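Colleague: I would like to learn how to read a sheet and a charged side chain in a model. Could you take me through a case?

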Amino acid sequence: MADTAFGSVEFLHGIRKLKYHAITGLAINRKLVYTRILGRLHKQGQQVRLVGLKFPVTVSWYYLKRDKGKRRIAFCFVH
């Protein structure tokens, strides 16, 4: 499990190469290969392809309660 700083293409490819599973944070503005961004997804548990990755990842998110409203946090599961 890793935070958003470890959501880079290089890190995710390394995890996959080692045949490990990982859950990492992702920026909401991360681009998908079909010209959308991660923050526009409406259904959790979808397999998507992120720009730069050679394999799909499963995405989900949760809402973190903050003083000025809720903040959406996205993460991916590499399998």
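Modeller: We will go through the sheet, then one arginine; keep in mind that this is a predicted model.

Colleague: What is the order of the strands in the open sheet of 4 strands?

Modeller: To read a sheet, list the strands by who sits beside whom. Here the order is S1-S4-S3-S2, and the pairing is antiparallel.

Colleague: Which strands stand at the edges?

Modeller: Strand S1 (22-26) and strand S2 (46-48) do; each has a single partner strand, so one side of each is left without a neighbour in the sheet. As for twist, neighbouring strands of this sheet are turned by 40° against each other on average, direction ignored.

Colleague: How many bridges join S2 to strand S3?

Modeller: There are 3 bridges between S2 and S3 (residues 57-66), and the two run antiparallel. To see the register, look for residues that face each other: Gln46 stands opposite Val59 in S3.

Colleague: Now the arginine. Where is Arg72 found, and is Arg72 buried or exposed?

Modeller: Arg72 belongs to strand S4 (residues 69-78). Arg72 is buried, yet has no salt bridge. A salt bridge needs a carboxyl oxygen within 4 Å, whereas the nearest side chain of opposite charge, Asp3, is 18 Å away.

Colleague: Which backbone oxygen does the side chain of Arg72 reach at 3.0 Å?

Modeller: That of Leu41. The backbone oxygen of Gly39 also lies 2.9 Å from a polar atom of the Arg72 side chain.

Colleague: What else does Arg72 touch, not counting residues up to four places away in sequence?

Modeller: Besides Gly39 and Leu41, Arg72 touches Ile28, Leu38, Trp61, Tyr62 and Tyr63.

Notes
Residues are numbered from 1 along each chain as its sequence is written. This is a predicted model: local features need pLDDT of at least 70, side-chain atom pairs count only at pLDDT 80 or more; totals for chains, interfaces and linings use all residues. Side-chain values use heavy atoms; hydrogens and water are left out. Two strands pair if DSSP finds at least two bridges between them. Axes are lines fitted to C-alpha atoms, for helices over the stretch in contact, and angles run from 0 to 180 degrees between N-to-C directions. Buried means under 20% relative accessible area, exposed over 50%, partly exposed in between (1.4 Å probe, protein chains only). Lys and Arg count as positive and Asp and Glu as negative; His and the chain ends are not counted. A polar contact is a pair of N or O atoms within 3.5 Å; within protein, one must be able to donate a hydrogen and the other to accept it, and residues adjacent in sequence count only if both atoms are side-chain atoms. Contact means heavy atoms within 4.5 Å.
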